[in-house]
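Got your viewer open? Let's take a short tour, one selection at a time.

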Amino acid sequence: MKVITRIADLKRLRRELFEPVGLVPTMGSLHEGHLSLVRRAREENPSLVVSIFVNPTQFGPREDFKRYPRDTKADMALLEKEAVDVVFVPKADEMYPPQFNSWVEIGGLAERLEGASRPGHFRGVATVCNKLFNIVQPTRAYFGQKDTQQAAVIKKMVAELDMNLEIVTLPIVREPDGLAMSSRNRYLNPDERRAALVLYRALTLGRRLWDDGEKDAGKIRREMARMIQKEPLARIDYVSIAHAETLDELDIVEPPALVSLAVKIGGTRLIDNILL
Ligand code: AMP
């Protein structure tokens with residue numbers, strides 16, 4: 001496994017890789033969710049590049065960039081086990097040298113949900129993915145449905161800017177009790193870890209109401225919100241039932257619908273979603 005920190009070195013190495021090349025972009029502190037992407041990418045591509053980069057430009061000024069968990073040593077051991085060919089671990093000033101000022105801005109669905117709650121977030125995500133795609137020139141890049149909106153934004157960027165790669169999305173990996181795996185789960189103390197289950201319980205409630213015939217999106221949102229509000233450690237950012245492709249909020253729930261939420265548990269902001 002080669003560990004590369006410089007863009008120029010990776011571009012040079014890229015010429016020697018066998019085609020097709022798979023890319024899994026991550027922010028590290030790897031867990032089984034990331035590894036599900038790595039394993040699929042390993043199966044589908046003779047060459048596999050994984051990037052680990054806590055991307056400063058996708059964090060807002062009051063967000064957790066500084067304290068975001070970093071565990072490069074453990075990450076390297078996990079990736080070595082998965083037979084990854086190349087790990088790209090650039091420093092921030094390698095990706096964003098002084099005077100850097102070129103941005104990729106996606107409109108429409110990038111302005112809703114996470115985009116509305118975290119201004120500038122998807123500009124940072126789209127810009128860093130664009131850079132990674134240009135550096136690695138992957139045949140396929142792998143994203144998790146844990147961040148469904150992110151995957152949709154990247155797919156839109158790839159289609160609209162005529163980029164030459166395929167975006168593959170894979171299901172959410174959950175803990176046995178239902179909590180979606182996330183690097184941010186490391187922030188949770190035992191009480192918060194228990195309280196964090198309310199996200200998945202609310203999503204399950206939403207699905208059950210819909211399964212039982214409720215089609216009024218407002219009613220389902222309200223029932224979900226009521227459940228979350230009963231959890232003292234939880235504070236709702238949003239509860240959404242939106243068209244899965246446009247992310248426009250729905251009045252009447254019809255598939256394909258994305259039920260998604262962002263909830264603060266203590267000081268930790270968690271997101272989760274299910275597709276109807
Ligand atoms: P992150 O390191 O949080 O930026 O995530 C890197 C990639 O892993 C993204 O495409 C995420 O959607 C994906 N991912 C994170 N958590 C999970 C999970 N629990 N299940 C599946 N994919 C995930």
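**Stop one: around the ligand**

Select the ligand and the 17 residues around it (one heavy atom within 4 Å counts as near); M27, H34, D147, V173 and M181 come nearest. You're looking at a predicted model, where local features need pLDDT of at least 70, side-chain atom pairs count only at pLDDT 80 or more, and totals for chains, interfaces and linings use all residues. Residues are numbered from 1 along each chain as its sequence is written, and side-chain values use heavy atoms, leaving out hydrogens and water.

Now click on D147: an N or O atom in its side chain sits 2.7 Å from an oxygen atom of the ligand. Hop to V173, where a polar backbone atom is 2.8 Å from a ligand nitrogen. At M181, a backbone N or O atom lies 2.9 Å from a nitrogen atom of the ligand. On its own the ligand has 480 Å² of accessible area (Shrake-Rupley method, 1.4 Å probe), and the protein covers 93% of that.

Next, colour β2 (21-26), α2 (32-44) and β5 (140-144), the elements giving two or more residues to the shell; helices (H or I, at least four residues) and strands (E, at least two) are DSSP runs, numbered from the N terminus. The largest share, 3 residues, comes from α2.

**Stop two: the core**

Select M95, F133, I154 and M157: they have the most contacts inside the largest nonpolar core, a set of 43 residues. Such a core joins buried Ala, Val, Leu, Ile, Met, Phe, Trp, Tyr and Cys residues through side-chain atoms within 4.5 Å, buried meaning under 20% relative accessible area (1.4 Å probe, protein chains only). Which helix to show last? α6 gives this core its largest share, 9 residues.

Notes:
A polar contact is a pair of N or O atoms within 3.5 Å; within protein, one must be able to donate a hydrogen and the other to accept it, and residues adjacent in sequence count only if both atoms are side-chain atoms. Buried means under 20% relative accessible area, exposed over 50%, partly exposed in between (1.4 Å probe, protein chains only).
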